[in-house]
Amino acid sequence: TKLLVPRSLLVSERAGFACEYCLTHQDDLIMSGQIDHILSLRHGGKTIFENLAYSCAICNNNKGYDIGGMLADGTLSRFFNPRIDYWPDHFEVSDGLIFPKSAIAEVTVRLFQFNAPEQVEIRRFLTMEGRYPGKWPHT
């Protein structure tokens with residue numbers, strides 16, 4: 001008999017049970033993690049393993065159906081995609097703040113509201129406790 005593992009568990013395990021956008025671990029989330037369509041169904045994305053990411057509710061809600069945003073110079077940039085982008089190439093964490101290192105990160109940080117005051121305070125606390133940032137799971 002072949003045991004079928006739910007797709008959501010496989011997505012969660014691949015991410016090490018940490019949000020693939022802000023890197024907050026499931027154990028430190030108020031609400032359970034969610035499965036996000038990286039490219040939303042509305043924009044032609046599919047419900048396939050390669051298009052799914054483990055996300056905290058805050059990142060998932062702030063992302064919504066969007067696929068990108070406008071940069072300060074008026075050009076459009078896509079969001080960070082955990083299937084093709086390497087987190088440390090795009091973001092840097094210091095004192096609870098997540099700083100963008102690329103155009104992709106600039107729109108992601110702003111529209112996902114990574115640096116909302118309450119999120120920064122949580123990351124500062126988790127950092128002091130040695131629980132943030134988690135290891136980027138896709139090394």
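Let's start with a word we'll need a lot: a residue is buried when its relative accessible area is under 20%, exposed when over 50%, and partly exposed in between, using a 1.4 Å probe and protein chains only. What you're looking at is a predicted model, in which local features need pLDDT of at least 70 and side-chain atom pairs count only at pLDDT 80 or more, while totals for chains, interfaces and linings use all residues. Residues are numbered from 1 along each chain as its sequence is written, and side-chain values use heavy atoms, with hydrogens and water left out.

Now for the overall picture. The protein chain has five helices and six strands; these are DSSP runs numbered from the N terminus, with helices being H or I of at least four residues and strands being E of at least two. Walk along the sequence and you meet them in the order α-β-β-α-β-β-α-β-β-α-α. The radius of gyration is 15 Å, close to the 14 Å that the globule rule gives for 139 residues, so the chain is as compact as a globular protein of that length. (That radius is taken over C-alpha atoms, and the rule is 2.2 Å times the number of residues to the power 0.38.) Along its principal axes, the C-alpha trace spans about 55 × 40 × 25 Å. Of the 139 residues, 40% are buried.

How does the chain fold back on itself? Take a contact to mean heavy atoms within 4.5 Å. Among contacts between residues at least 6 apart in sequence, 56% join residues at least 24 apart.

Next, head inside. A nonpolar core here is a set of buried Ala, Val, Leu, Ile, Met, Phe, Trp, Tyr and Cys residues joined through side-chain atoms within 4.5 Å. The largest one has 23 residues, and those with the most contacts inside it are Y21, C22, C59, F91, I98 and F114. Helix α4 gives the most to this core, with four residues. Leaving aside neighbours within four places in sequence, I98 is in contact with C22, W87, F91, E92, V93, V109, F114, N115, R123 and Y132.

Helix α4 itself covers residues 103-111, and I104, A105, V107, T108 and V109 are buried in it. Its buried residues pack against β3 (68-70), β4 (76-78), α3 (87-90), β5 and β6. Just after the helix, Q113 takes a positive phi of about 55°.

Helix α5 makes a nice next stop. With twelve residues at 1.5 Å each, it should span 16 Å, and its end C-alpha atoms are 17 Å apart, which agrees; the expected span is 1.5 Å times one less than the number of residues. Within α5, Q119, V120, R123 and L126 are buried. Seen down the axis, these buried residues fall within an arc of 130°, so they line one face of the helix, the arc being that of the directions from the helix axis to the C-beta atoms. They pack against α2 and β6. On the other side of α5, P117 and M128 are exposed. Just after the helix, G130 has a positive phi of about 75°.

Over in helix α2 (residues 57-63) sits N60, which counts as buried at 16% relative accessibility. Apart from neighbours within four places in sequence, N60 is in contact with Q34, I35, D36 and S55.

A few backbone oddities are worth a look. Most residues other than glycine have a negative phi, and most peptide bonds are trans. F17 goes against this, with a positive phi of about 60°; it lies in the loop between α1 (7-14) and β1 (34-37) and is partly exposed at 31% relative accessibility. D95 also has a positive phi, of about 55°, and is found in the loop between β5 (91-94) and β6 (97-100), where D95 is exposed at 54%. Then there's a cis peptide bond joining Y132 and P133, with omega about -10°; P133 lies in the segment after α5 (117-128).

Finally, how many disulfides does the structure hold? Zero, where a disulfide is a pair of cysteine sulfur atoms within 2.5 Å. For C19, the closest cysteine sulfur is in C22, 3.8 Å away and too far for a bond. For C56, the closest is in C59, at 3.6 Å, again too far for a bond. Both are tucked away: C19 is buried at 1% relative accessible area, and C56 is buried at 4%.
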